[in-house]
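Hi,

Here is the structure I promised to send over. Have a look at it first, and my notes on what turned up follow underneath.

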Amino acid sequence: MPRIGWVDSFSVHDEKIDDQHKKWIELYNRVHAQMMGIEPTDDYLGIGEAALAEMIEYTKYHFSSEEDFMKMIDFPGYEEHREIHQAFVRKLEAISSQMQEGTHVLNSEILKVIEDWFIDHIQKEDQNYTTHSR
Ligand SMILES: [Fe+2]
């Protein structure tokens, strides 16, 4: 059972963005499964570190494509939305570097914070700009 399963209320009614959110969920679920010892870790680093790094890279790619889209449709909340993205990336990167330094262990509580942030974000902020585009 994956940690997060896609439900229709996650949809922002844009196929490309929905697909990217599904992909993010897939990457997140892998981090979660490795951290919880459900899946073997697929890296030479610490447990789940490579999977987390991949998830962070994908998050950046996904945010920049959302930002391009918002610009294209002249979304008035663009700057604010971009700042929210940047703050989340900074948070993920801080977690990742703490793990690399060995000062921090990624645990289920932190995973829950990441998970809740993302689900809340796609259901609120992301719905705002896709509603604006229609
Ligand atoms: Fe977003």
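Start with Ile25: once you set aside its neighbours within four places in sequence, its contacts include Ile4 and Trp6. Bear in mind that this is a predicted model.

Ile25 also belongs to the largest nonpolar core, a set of nine residues. Its companions there are Tyr28, Val31, Met35, Ala51, Leu52, Met55, Met99 and Leu106. Which elements give two or more residues to this core? Those are H1 and H2, and H1 provides the largest share, with four residues.

Staying with H1 (15-35), have a look at Ile17, which is found in that helix. Is Ile17 buried or exposed? Ile17 counts as buried because it has 20 C-beta neighbours inside 10 Å, and 20 or more is what it takes. Leaving out neighbours within four places in sequence, Ile17 is in contact with Val12, Glu66, Asp126 and Thr130. Ile17 and Phe63 are 46 residues apart along the chain, and their C-alpha atoms are separated by 9.9 Å.

H1 also packs on H4, which covers residues 108-123. The axes of these two helices come within 11 Å and cross at roughly 170°, so H1 is roughly antiparallel to H4. From H1, the residues that meet H4 are His21, Trp24, Tyr28, His32 and Met35. On the H4 side you'll find Leu111, Glu115, Phe118 and Ile122. By class, that contact has six nonpolar, two polar and one charged residues. Tyr28 and Met35 turn up in this contact and are also listed in the nonpolar core.

Now for H2 and H3. H2 runs over residues 49-72 and H3 over residues 78-101, and they pack at an angle of about 170° with their axes 10 Å apart. That angle makes H2 roughly antiparallel to H3. The H2 side of the contact is made by Glu49, Leu52, Ala53, Ile56, Thr59, Lys60, Phe63, Glu67, Met70 and Lys71. H3 brings Tyr78, His81, Arg82, His85, Val89, Leu92, Glu93, Ser96 and Met99 to it. Sorted by class, the residues of this contact are nine nonpolar, four polar and six charged.

A bit more on H2 itself. It has 24 residues and reaches 35 Å from its first C-alpha to its last, close to the 34 Å expected at 1.5 Å a residue. Which residues of H2 are buried? They are Ala51, Leu52, Met55, Thr59, Glu66 and Met70. What covers them includes H1, H3 and H5 (125-133). Of these buried residues, Ala51, Leu52 and Met55 are in the nonpolar core, while Glu66 is the one in contact with Ile17.

Just after H2 comes Asp74, in the loop between H2 and H3. Its phi is near 55°, a positive value in a residue other than glycine. Asp74 counts as exposed because it has 9 C-beta neighbours inside 10 Å. You'll see a positive phi at His13 too, near 60°. His13 is found in the segment before H1, and with 11 other C-beta atoms within 10 Å it is exposed.

A few other spots to click on:

- Gly46 lies in the loop between H1 and H2 and counts as partly exposed, with 14 C-beta neighbours inside 10 Å. Gly46 and Gln100 are 54 residues apart in sequence, yet 7.8 Å apart in space, C-alpha to C-alpha.
- Gln98 lies in H3 and is partly exposed, with 14 other C-beta atoms within 10 Å. Setting aside neighbours within four places in sequence, Gln98 is in contact with Thr103 and His104.
- Asn128 is found in H5 and counts as partly exposed, with 16 C-beta neighbours inside 10 Å. Asn128 and Met35 are 93 residues apart in sequence and 33 Å apart in space, C-alpha to C-alpha.

Cheers

Terms used:
Residues numbered from 1 in each chain as written. Predicted model: local features only at pLDDT ≥ 70, side-chain atom pairs only at ≥ 80, totals over all residues. Axes fitted to C-alpha atoms, helices over the stretch in contact; angles between N-to-C directions. Parallel < 35°, antiparallel > 145°, perpendicular 65-115°, else oblique. Contact = placed C-beta atoms within 7 Å. Nonpolar A, V, L, I, M, F, W, Y, C, P; charged D, E, K, R; others polar. Expected span 1.5 Å × (residues − 1). Buried ≥ 20, exposed ≤ 12 C-beta atoms within 10 Å, placed from the backbone. Core = buried A, V, L, I, M, F, W, Y, C linked by C-beta atoms within 7 Å.
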